Each structure stands twice: as structure tokens, then as C-alpha cells.
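Let's take a walk through this model together. Please have the sequence and the 3D view at hand as we go.

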Amino acid sequence: MVGGVWAALGLSLTCVWALSLISPAWFQTPTFSFSVFTYCSWSQGDSWNQSCRIFRSLADIPDIAWKVSAAMLLGGWILLAFNSIVLLSWALFPKWLSSRKGSGPAPGLQAAAATATAVGLLVFPISLVPPLAKEACGTSSMYRSGHCQLGWGYVTAILNAVLASLLSITGWPGTTKVPGRTILISSDTERILLMPETSK
């Protein structure tokens, strides 16, 4: 049961993060919006008829900070997706995996994904300096958005980073030391494993 809840949370977090990554609504004006991988423009008052472009490679991205941010954010999403697959396999095959590993899914993957995402989110506003951002936002500079407003995509990305870090913190299996024995308390398998202490 608990493994299924963690798998559902991990999968939904991965899907929402993917939506946030492909959304162009990170910084926006009344006629232009852009994010790490896409940007869109439209006529004043006609936001339903947008012309959007995707940065297909790192060479297309206009600034080095933007490239670093894109690499970190995509890497964070890949780690989060891999962690979701691990969580799903743990939920589907808990007995087989618990006998092979002895503890729950690795929350280190989720912590690494949250860290990479946080670094990417902190680096991205540095990229408000290139001509593309200055043309859209006017007097934008490092960590100052000029005339651009923060869009829902960037806010969603921040919330995803916070949720991923909280999920990784609460996902660590508890360990308690008892003289002569180690007790692993794993909420994923819903049982207590008593392991004799080995002397060296």
C-alpha cells in the first residue's frame, strides 16, 4: 500500500515536472513568453495564435548560463523519472526486491534530482542577460526580470523541486540501534527486519 502511494507520488511529480519543462510560460510579457527549452510570441490581444520555437540542441540556446540551467534541469528530470521507475517496480514487486536489497527504494536518486533541479532553477535567472531575454523583457539583467512577469511554469518548477526534496527526506527508511541487533524499519515493506550484528 505505502509503496503504491510513493509510486503514484513519484510518477505524478515526474509528469508535472515534464509539463513544466516543456511549457514556455516561465517568464512572460503580453506578447512573448520563454522558458529553458521553448519560447513563443503572438500578436497583442491574440494569445490563441502563438508562434513557438524549441531549442533543439545546446548550440541553439543563447547563453552559457541558460545552457547550464538546461542541462541541470533535464538531468534532474531524468533522475526523477528513473526514480519513479524504481518506485513503481518497488510497489509492484516488494517481496522480490526486499529479499534482494534489504531496504526500500533509494531516496538518494530523488535527493539528487531535487538538488540538480534546484541548481538549475537558481542558474536560469542569470540567463536574463542575452539579447532574446532583453528583447522580450526590456531592462532585464541577472536575477531581474525587467518587464517580464514570472509565469506558472517557473513557479510549478519551484514547487516540484520542493516536493521532490520533501519526498526524498520522508522516504529514508528509519534505522534504530539496539545492543547486539540492528532494526531496520521500512515503511515500504511494512515490517521490521531484525539483523544480527556481525563482529569484525
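What follows looks at confidence, then at a strand pairing, and then at an enclosed space.

A word of care first: this is a predicted model. The mean pLDDT of the protein chain is 76, and 74% of the residues reach 70 or more. Two stretches deserve a more cautious eye. Residues 99–104 have pLDDT below 50, and in the model this stretch makes 7 contacts beyond near neighbours in sequence. Residues 172–177 also fall below 50, with 13 contacts beyond near neighbours in sequence. Where pLDDT is low, the predicted coordinates should not be read in detail, so please treat those contacts lightly.

Now turn to the strands. Strand 2 (residues 32–34) pairs with strand 3 (residues 38–43) in the antiparallel sense, over 3 bridges. The connection between strand 2 and strand 3 is a hairpin of 3 residues. If you would like a landmark for this pairing, find Phe32, whose bridge partner in strand 3 is Ser41.

Next, let's look inside. The model holds 2 cavities of 30 Å³ or more, and we will visit the second largest, with about 40 Å³ of space. Which helices each supply at least two residues of its lining? They are helix 2 (64–92), helix 4 (107–123) and helix 6 (152–170). To trace the wall of the second largest cavity, select Trp17, Gly76, Leu80, Ala113, Ala114, Thr117, Asn160, Ala161 and Ala164. Is that lining charged or uncharged? It has no charged residues, and divides into 6 nonpolar and 3 polar.

Note on methods. Residues numbered from 1 in each chain as written. Predicted model: local features only at pLDDT ≥ 70, side-chain atom pairs only at ≥ 80, totals over all residues. Heavy atoms only, no water. 1 Å grid on protein atoms, 1.4 Å probe; cavity = no way out; pocket = protein on both sides within 12 Å on 5 of 7 lines; lining within 4 Å. Points joined across faces, edges and corners; volume = space filled by probe spheres on them. Helix = DSSP H or I, 4+ residues; strand = E, 2+ residues; numbered from the N terminus. Nonpolar A, V, L, I, M, F, W, Y, C, P; charged D, E, K, R; others polar. pLDDT = per-residue confidence, 0-100. Contact = heavy atoms within 4.5 Å. Pairing = 2+ DSSP bridges.
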